[in-house]
Amino acid sequence: MLEILIAVLAFFRAIALASEPSNFEQRTSFAAADNAPSLNVSSCPGYTVVSERHFTRGLIIQLALGGPACDAFGRDIQNLTVEVTYETLTRLHVNIYDSEKAQFTIPPDVIFLSSGEDDATLKTRSDLTFHYTPKPFEFWITRRSDPHGTPLFDTRAQSLPPTPIPPVIPTDNGTALDGFPLVFEDQYLQLTSALPLGANIYGLGEVLASSGFRRDVGTNGGIGTVQTMWARDSPDPIDENIYGSHPIYLEHRYDERTKRSKSHGVFHFGAAGTDIMLLTPPASPVSLIQYRMVGGTLDFYFFSGPSPQKVIEQYGTLVGLPTWQPAWGFGFHLCRWGYRDVNDTRDQVHKMREANIPLEVMWNDIDLYHALRDFTTDPVSFPPDQMAAFIGELTANHQHYIPIVDAGIAKLVNASDVYDPYTRGNELDVWMKNPDGSEYLGQVWPGYTVFPDWFANNTHVLWTEALRNWSNSGVNYSGIWLDVNEPSSFCIGSCGTGANLTAATIPTMFFPGTPGNLVTEYPEGYNATIWGPSGNITINGTLTFGNHSVSKSLSKRGLGAAADPDANLNDPPYALHNADGFLSTHTVSTNATHANGVVELDVHNMWGIMEEKTTHLALLDIHPGKRPFLISRSTFPSSGRWTGHWLGDNISKWQYMYLSIQGVLQFQLFQIPFVGADTCGFQGNTDEELCNRWMQLSAFMPFYRNHNVRSALSQEPYRWDSVANASRTAINIRYSLLPYWYTLFANASLYGSPPIRALFFEFPDEPELFAVDRQYLIGRDLLVTPVLTPNVSTVDGIFPGQGRVIWRDWYTHEVVDAAISANTTLDAPLGHINVHIRDGSAFLLYDKPAYTIEETRQSPLSLLVSQAADGYAFGTVYFDDGESVPPTPNTTLTISARKGEVVVRPSGDYGIAQALEKVIVLGAASERPSSVSINGRDVRQWDFDVSLQRLVISGIEVKIHQSPVVIAWHA
């Protein structure tokens, strides 16, 4: 697929250069060689404090340039303002901006941030304290409780290693460190902070990091990290910038003296293209983080934590909490690029039903479109009346349908062409433009395309009309899939300007599956020379992955730049580490202009979130009172208010199944918790074993969708018996756990609590967990240990708690004999994923999971309690109707346990119709009880397993929504 993209780009770059159509221009203030930027900050003078003024919640500092301008990558800005605001007890805001406010900043009507509390005492009560020196101006942040401890953020030169420093990453000259002054130019800003040597840093994405969830700061054999914030359509490369931009990090510090840890967070609020470097120079006693931006301001927020979960919640309070997900969104979703027509799509639904593999949502990729145009259906392969009938069948069976929406809108190719979305957009004047005011024309799948300008006054009108008309035409969708919204464009600049519009169709050679572009690679690790052409997991009982010998057998495995006539819009003097090089490669060019006068250079990273917000609000208008369901690719801080996310165009390889875990963990920090990967892989050919393991893993992730590329081997889970069996088992567990999933996401939407957690989130004082990203927790109580390598029947995993926690097997309820602070080897035959229950937990389950979420929600209930050694257990369960936009009637059940007793207490106004029909208590007692009662009445039908200390109560029918339920057992 990467080769396809390269070929596409080369083809259209050739078109663009040949036709010379573009208004793609370069403007620079450095016309003469002697005025050229120095590209070196060593002579930059920094800034000096001119004045200071206190106000109710903080202080305002005025700065002036501390000496002759260095003009390293632009023009030094003479006067700056620093606003320091103690916004809450746990949040400190430090905003450094140009006093004339000429630099671009994100408008509050695009992203609204919480302003905090109006409380004058916060200056003296805040968890965080701001300090500074006047000449040069340098600042640092400490905890109020530890004013002399290592600062959380420290820009002082005395805290950083001496400069100049040669490239810290030898292969990258851009990692040379010439100096650490505060630099604030029109097209270059720089700020550096010291970090503890080998700091535990998490976040800063979106990225597939070779180092794992914990970022490489250049110690312990690492080389360091350059994380670029520039949204990019590229099929999941490793250690490069990709679809989204999230300049938020969590640092987790462990004190060797006290054996305790604290976390804090740092968030830069800005849309400018940015390099964020995590480096440790040779022999340096500290690591460091450096921000390099090509515009905007230095607008920082600091969160005091002190736990990882608190940092994440504090960030959510600032940028906005995640949108409420409809209950049906937690079902299994199926898609592929390559379903030929409506009958092919319908066949998948029927075959899933025949295989008894639950299917909640059926999707279509761009095959659905007429001439590859948004908001259309092909009149031959997906006729509107047949689509309406098909979606009606899904609805009647409590299933759902989701289509794709791409970013580019096709331009009319001639006078007889009819395409209402384009025509209506012209009437409303909502397309992005060239600097001269003409229509900006890029190129995507349908040919030459325009792009919605989300800053224009009427774009929401167009978008809502287009989505409503599409729905009314027969595509009665339940949600929308937003793709290629970085946005992607296959040519450089406005290549359609002046071009022959009828010659713009993508050559069919670039479509997977067409002659010259067949997906013919065997699955990873398969040797066709030895094993023949089948691609099977085994041949005559012998495993084939990596097996190159028949005899071998393996057993284990402001307006900003737009208002600056001298700004270089297309090629800023500081070269970001954009993996595509030129910033306008494979996207809308940086000099494209928006209705409010801003240019794409300043707002590129926000294109996706602005589309997400507009689409979310449109769906609210089209389906009043119903929770919008969106999955989107390009995201930005606060995207979670509007959408979920999938991890993009991954690859059908074992490494990418592993990488999906760090991806999901990243997006918990980013406050976009409803996230998942293309299960079994999108690009290339999967195989039975990989798909088997991946279908199990994704069943324990928030968003669960199987999706693959056109012409690759089919990978629907019914295709292999072993995958079908593994899928049925995993989905059965997932659906039984729906009350737990639903409650976790209610807590995410109410409080910002992450549903998926790295092990150290819950066990912050255990250093052996800080780098673990091959296991994870669902909430606080379920530990998932997947198999992530081929040809094995066991898996190693660590059990947190350092021996103080009892972990029980989900399937057998047996207590794990776990090694302390080290790996334990677990049986993991094909078709089995290890899941373990933490002691002190309580789950309400659907006792009889059904084919769909709606049917499952009618299931009787069961209670599973895993008591700690002292009898303690606790859990909550949130209920509502699963689809209405809150506030809506709801009820919360609180489950608490002590020795000999479990109590369920309801609170709320939502009626829970289902009865409690089974209770299982693990760790209930060491000997068989003499009697068991519910609300004081003896229960006759119960059993006790001494070896498991398991009490099972069955044959009951207890209502739980009206009054407390007391379950007791007596020695």
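# A tour by selection

Begin at strand E43, residues 916–922, which pairs with E47 in the antiparallel sense over four bridges. What you have open is a predicted model. Within this pairing, show Val919 and look across to Ile953 of E47, which stands opposite.

**Stop 1: strand E47, residues 950–953**

Stay on E47 and show its side chains. In a regular strand the side chains alternate between the two faces of the sheet. Which face of E47 is covered, and which is uncovered? Leu951 and Ile953 make up the covered face. Arg950 and Val952 make up the uncovered one. So Ile953, the residue opposite Val919, belongs to the covered face.

Now add E46, residues 942–945. E46 also pairs with E47 in the antiparallel sense, over four bridges. Pick Phe944: its bridge partner in E47 is Leu951. Then trace the hairpin that links E46 and E47. Four residues lie between the strands. Stop at Gln949, where phi is positive, near 50°.

**Stop 2: the whole chain**

Zoom out. The protein chain carries 16 helices and 48 strands. Its C-alpha atoms fill a box of roughly 95 × 70 × 65 Å along the principal axes. How does the radius of gyration sit against that of a compact globule? For 971 residues, a compact globule would have a value near 30 Å; the chain has 29 Å, which agrees.

Colour by burial next. Of the 971 residues, 64% are buried. Switch to the surface: about 33800 Å² is exposed, and carbon and sulfur atoms supply 51% of that. Finally, colour the charged side chains. There are 65 positive and 102 negative ones. The centres of the two sets lie 8 Å apart.

**Stop 3: strand E14, residues 274–279**

Select 274–279. Is this strand enclosed or open? Six of its six residues are buried, so E14 is largely enclosed by the rest of the structure. Check both faces. Thr274, Ile276 and Leu278 lie on one side, and they are buried. Asp275, Met277 and Leu279 lie on the other, and they are buried too.

Add the strands that pair with E14. E11, residues 225–229, runs antiparallel to E14 and is joined to it by five bridges. Click Gln227 to find its bridge partner, Ile276 in E14. E15, residues 286–293, is also antiparallel to E14, with six bridges between them. Here Leu278 has Ile289 of E15 as its bridge partner.

Follow the chain from E14 into E15. The hairpin has six residues between the strands. Ala283 is the one to click: its phi is positive, near 65°.

**Stop 4: helix H14, residues 738–751**

Jump to 738–751. H14 has 14 residues and spans 19 Å from first C-alpha to last. That is close to the 20 Å expected at 1.5 Å a residue. The helix is mostly covered, with eleven of its 14 residues buried. Among them are Pro739, Tyr740, Trp741, Tyr742 and Phe745. Move on to Gly752, which follows H14 and has a positive phi near 85°.

**Stop 5: helix H15 and a five-stranded sheet**

Select Leu759, in helix H15, residues 759–762. Leu759 is buried, with a relative accessible area of 0%. Draw a distance from its C-alpha to that of Arg774. These residues are 15 apart along the chain, and their C-alpha atoms are separated by 10.0 Å.

Now display the open sheet of five strands. Its order is E31-E32-E33-E37-E35, with antiparallel pairing. Which strands stand at the edges? E31 (756–757) and E35 (807–809) do; each has a single partner strand, so one side of each is left without a neighbour in the sheet.

Look closer at the E31 edge. E31 meets E32, residues 776–778, through two antiparallel bridges. Ile756 stands opposite Ile778 in E32.

**Stop 6: a three-stranded sheet**

Finish at the open sheet ordered E20-E22-E21, again with antiparallel pairing. Its edges are E20 (409–410) and E21 (442–444); each has a single partner strand, so one side of each has no neighbour in the sheet. Select E21 with E22, residues 447–450. Three antiparallel bridges join these strands. For the last click, take Gly442: its bridge partner in E22 is Thr449.

Key: Residues are numbered from 1 along each chain as its sequence is written. This is a predicted model: local features need pLDDT of at least 70, side-chain atom pairs count only at pLDDT 80 or more; totals for chains, interfaces and linings use all residues. Side-chain values use heavy atoms; hydrogens and water are left out. The radius of gyration is taken over C-alpha atoms; the globule rule is 2.2 Å times the number of residues to the power 0.38. Buried means under 20% relative accessible area, exposed over 50%, partly exposed in between (1.4 Å probe, protein chains only). Accessible areas come from the Shrake-Rupley method with a 1.4 Å probe; for residues, only the protein chains shown count as cover. Lys and Arg count as positive and Asp and Glu as negative; His and the chain ends are not counted. The place of a charge is taken as NZ of Lys, CZ of Arg, CG of Asp or CD of Glu. Two strands pair if DSSP finds at least two bridges between them. The expected span of a helix is 1.5 Å times one less than its number of residues.
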